[in-house]
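Dear colleague,

Please find below the structure for your review. The findings follow directly after it.

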Amino acid sequence: MSLLVLDAVTKRFPGGDGPAVERLALTVTPGEILGLIGPSGSGKTTTLRLIAGFEAPDEGEIMIGGRAVARAGARDFVPPEARGVGIVFQDYALFPHLSVADNVAFGLAERPADARRVRARGVLDLVGLAAFADRYPHELSGGQQQRVALARALAPAPALILLDEPFSNVDAELRAELREQVRELLRTTGTTAVFVTHDHEEAFTLADRVGVLHAGRLEQLDAPEVVYHRPATPFVAAFVGDADFLAGTVTEGRIATEMGTFPDPHRLPPGTRVELMIRPDDVGFTPDPDGDTVIVRRDFRGPVNVYCLRLPSGRRVHSSQPSTTILAPGTRVRAIAELLHIVTFPVA
Ligand code: ADP
Ligand code: MG
């Protein structure tokens, strides 16, 4: 059974260039954590707002827990408060004049006061903030506010929780820890979640499956490892990591490139021209005065140095090396590519 279904959902805004979201189709199973990634303007927030009920689709249908909550052209639109969905906004949107406990109890309005208090305490305990119940939002750090927002969304025990860029306002050092806590919390409460972020690493660490949006279209929806190693499109390849491409031609069952030949998993007809994806972890090199490849640049990234290399054709590839390997731009090298996964795209 799917907890959430989006069936060919399209949303247009007046004056927009094209649809903000176009024929979006996806399903989320109970307990699953789905991450949606994409650059700014790709339709992430619109997708969440459609699921939450703050926007209505122009085409298609949305179902939550087996019930149609929005159908283009139909009258049975279910408003946000009746969808049983918890929402964590990017800026947390905590009520500044309410204490932490009252913020968390806010979504429990129909219950008796005692029950609200007990539930709010319980959820605050879950997020490790029981001791902060009587404080006000401005007395908390960004990470703590984030957890209060999460507690507030979880308090009514929604089947589905939506998070928009949940960690973008948290310090980088805290982010990894908070991610882990949120993941644990979603797992222990069995909550299904859809979160959006522009940060693919965040999506990779937190999500069971990752969807990649590009100009309103879902280009791929797969496990993080599949998205990274077997990207469905050149856009996905470049968005989820550094990707370079070599021109290749299928010859005798292999793909011939200027960095050597590689197996052709797709058994394309001889002579077919492709672009072969190559990642920095696939490329090694050794200094060689007679080498045909030149170091263009070194980017120090802390744990690794990423070298930009210029091949004889003028194409550039990147090579990830230990942070202690230091070679100057202009150095001639011999480059080798060892590909674990062969990913090719047709030449446009
Ligand atoms: P993201 O969250 O991925 O940055 P959005 O979903 O916010 O992207 O926006 C997708 C597209 O829809 C953008 O082109 C944006 O300008 C447009 N858009 C979003 N909301 C509105 C709105 N309320 N009115 C008009 N255009 C909008
Ligand atoms: Mg957004």
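Helices and strands are named here as DSSP runs, numbered from the N terminus, a helix having at least four residues and a strand at least two. In those terms, Ser99 sits in the loop between β6 (85-88) and α2 (100-105). Please note that the model is a predicted one.

**Overall features**

The protein contains eight helices and 20 strands. Its C-alpha trace extends over about 80 × 50 × 35 Å along the principal axes. Of the 348 residues, 45% count as buried. The accessible surface amounts to about 16,600 Å², and carbon and sulfur atoms account for 52% of it. When contacts between residues at least 6 apart in sequence are considered, 63% of them join residues at least 24 apart.

**Ligand 1**

Which residues surround ligand 1? The shell consists of Phe13, Ala20, Pro39, Ser40, Gly41, Ser42, Gly43, Lys44, Thr45 and Thr46. By class, these residues divide into three nonpolar, six polar and one charged.

Oxygen atoms of the ligand pair with both backbone and side-chain atoms of the protein. A polar backbone atom of Gly41 is 2.6 Å from an oxygen atom of ligand 1, and for a backbone N or O atom of Gly43 the corresponding distance is 3.1 Å. In Lys44, an N or O atom of the side chain lies 2.9 Å from a ligand oxygen. Taken alone, ligand 1 exposes 560 Å², of which the protein buries 55%.

**Helix α1**

Lys44 and Thr46, both in the shell around ligand 1, are also among the buried residues of α1. This helix, residues 44-52, is mostly covered, with seven of its nine residues buried. Besides Lys44 and Thr46, the buried residues are Thr47, Leu48, Leu50, Ile51 and Ala52. Just after the helix, Gly53 adopts a positive phi of about 100 degrees.

**Helix α4**

Helix α4 covers residues 142-154 and has 13 residues. From its first C-alpha to its last it reaches 18 Å, close to the 18 Å expected at 1.5 Å a residue. How many of the 13 residues of α4 are buried? Eleven are, so the helix is mostly covered, buried meaning under 20% relative accessible area. Gly143, Gln144, Gln146 and Arg147 belong to this buried set, as do Val148, Ala149, Leu150, Ala151, Arg152, Ala153 and Leu154. The packing partners of these buried residues are β6, α2, α3 (113-126), β7 (160-164) and α5 (172-189).

**Two loop residues**

Ser99, introduced above, has a relative accessible area of 8% and is therefore buried. Leaving aside residues up to four places away in sequence, Ser99 touches Ala133, Asp134, Arg135 and Tyr136.

Thr233 is found in the loop between α7 (224-229) and α8 (234-239). Is Thr233 buried or exposed? Thr233 counts as buried because its relative accessible area is 19%, and the cut-off for buried is under 20%. The side chain of Thr233 makes a polar contact of 2.5 Å with the side chain of Glu219. The Thr233 side chain also reaches the backbone nitrogen of Val236, at 3.1 Å. Not counting residues up to four places away in sequence, Thr233 touches Glu219 and Phe345.

With kind regards

Methods:
Residues are numbered from 1 along each chain as its sequence is written. Chains are lettered from A and ligands numbered from 1 in the order in which they are written. This is a predicted model: local features need pLDDT of at least 70, side-chain atom pairs count only at pLDDT 80 or more; totals for chains, interfaces and linings use all residues. Side-chain values use heavy atoms; hydrogens and water are left out. A residue is near a molecule or strand if one of its heavy atoms lies within 4 Å of it. A polar contact is a pair of N or O atoms within 3.5 Å; within protein, one must be able to donate a hydrogen and the other to accept it, and residues adjacent in sequence count only if both atoms are side-chain atoms. Accessible areas come from the Shrake-Rupley method with a 1.4 Å probe; for residues, only the protein chains shown count as cover. Ala, Val, Leu, Ile, Met, Phe, Trp, Tyr, Cys and Pro count as nonpolar, Asp, Glu, Lys and Arg as charged, and the others, Gly among them, as polar. Buried means under 20% relative accessible area, exposed over 50%, partly exposed in between (1.4 Å probe, protein chains only). Contact means heavy atoms within 4.5 Å. The expected span of a helix is 1.5 Å times one less than its number of residues.
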